[in-house]
Amino acid sequence: MDRTPDFIQKLGSIDCDIVEANPVVWQGELLIFEYIRGLQKGRQRCYFNNSEVSYFRFRRVSDNTFSLPFGFGLHMGNAYVAGDRMVVTAVEDWGKSRFYQLESKDLVRWTTPRMILDDPRQAGFNTSVCKAGDKYVMVYELSQPVEKVGKHPFTMFFAESHDLVTFRVIDGAVFGLDHYTGGPMVRFFDGYYYIFYLNGSYEEGFETFVARSADLKNWEYSKKNPVLGYGEKDYQLHEVFPASEVDRVKAANNINASDLDMCEYNGNLELVYSWGNQKGVEFLARAVVPGMTEAEFCKSFF
């Protein structure tokens, strides 16, 4: 049974093999930032990328066209719009220690990736950025070292920046030391940080949950979890879905609703998420919450 709240309307799947993605509004257009995996270390590559090199791109939702690829060789990116800057944070590779940032003002010319965080002991994965008062806060996901992440990786840590250029790790700020977490999205409204994260197991399935904190150290878990569940509606095909991949959807095992991200657009809340078996058979899907803001969405679970 799909435990997704009724006010979230699932629109259907739009592509295969794309997991780490997030919607943004750029110059009045709704875009979806997408991480396109290459064939590396036995991972499931994106079906249309025949190279070993991963990259990023933007999908324009209005006509399903794409930007030029960029960020070659970086992984698990996340896009954030700051005025006239499109800022992308990413890790150098799955389980590597260095996190990088690159940016553009036209989605064509990109800065050289610049390292923003590194600890040679750590194994890094996803990131997410939000504005919090007069600063920016980035959550970053680690699976190592054990003495830092605890017995249940993945675990979330936080860094702050006042210029979205230089980041500083926030001492003691951590989420998920005592339980599994994954695929984070962070937001800040009216004194609270909200973290949306993957919760579950291969035996019981994975759903997106939410918790909040005033200080990034003490966390309150929503009693209305889950935020997003998995079910039959995920198998719906959006009109842009590639015809060549339809049979893969029909045959897919679905135990997962992960990597939720969102933005406001034309009075609605636009969502993207991944579903599938959480082992490489995964699909990118859209959803919408009519007439709701990000702040209202976050607060509705508390």
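**Exercise 1.** State how the residues lining the second largest cavity divide into nonpolar, polar and charged.

*Solution.* The lining of this cavity divides into four nonpolar, two polar and two charged residues (Ala, Val, Leu, Ile, Met, Phe, Trp, Tyr, Cys and Pro count as nonpolar, Asp, Glu, Lys and Arg as charged, the others, Gly among them, as polar). The residues concerned are Ile-14, Ile-32, Arg-59, Val-61, Asn-64, His-238, Val-240 and Arg-286, around a volume of about 50 Å³ (the space filled by probe spheres set on grid points joined across faces, edges and corners).

The model is predicted, with local features needing pLDDT of at least 70 and side-chain atom pairs pLDDT 80 or more, while totals for chains, interfaces and linings use all residues. Residues are numbered from 1 along each chain as its sequence is written, and side-chain values use heavy atoms, without hydrogens and water.

**Exercise 2.** Describe the largest cavity and its lining.

*Solution.* On a 1 Å grid over the protein atoms alone, a cavity is a set of points where a 1.4 Å probe fits but cannot get out, a pocket is an open set with protein on both sides within 12 Å along at least five of seven lines, and lining residues have an atom within 4 Å of a point. The largest cavity has a volume of about 110 Å³, and of its 13 lining residues Ala-21, Asn-78, Asn-126, Thr-127 and Asp-261 are the closest to its centre. Strand 2, strand 6, strand 10 and strand 18 each give two or more residues to this lining (strands are DSSP runs of E, at least two residues, and helices of H or I, at least four, numbered from the N terminus).

**Exercise 3.** Identify which strand gives the most to the lining of the largest pocket.

*Solution.* The largest pocket, of about 430 Å³, is lined by 25 residues, with Arg-37, Trp-94, Phe-154, Gln-278 and Glu-282 nearest its centre. Strand 15 gives the most, with three residues.
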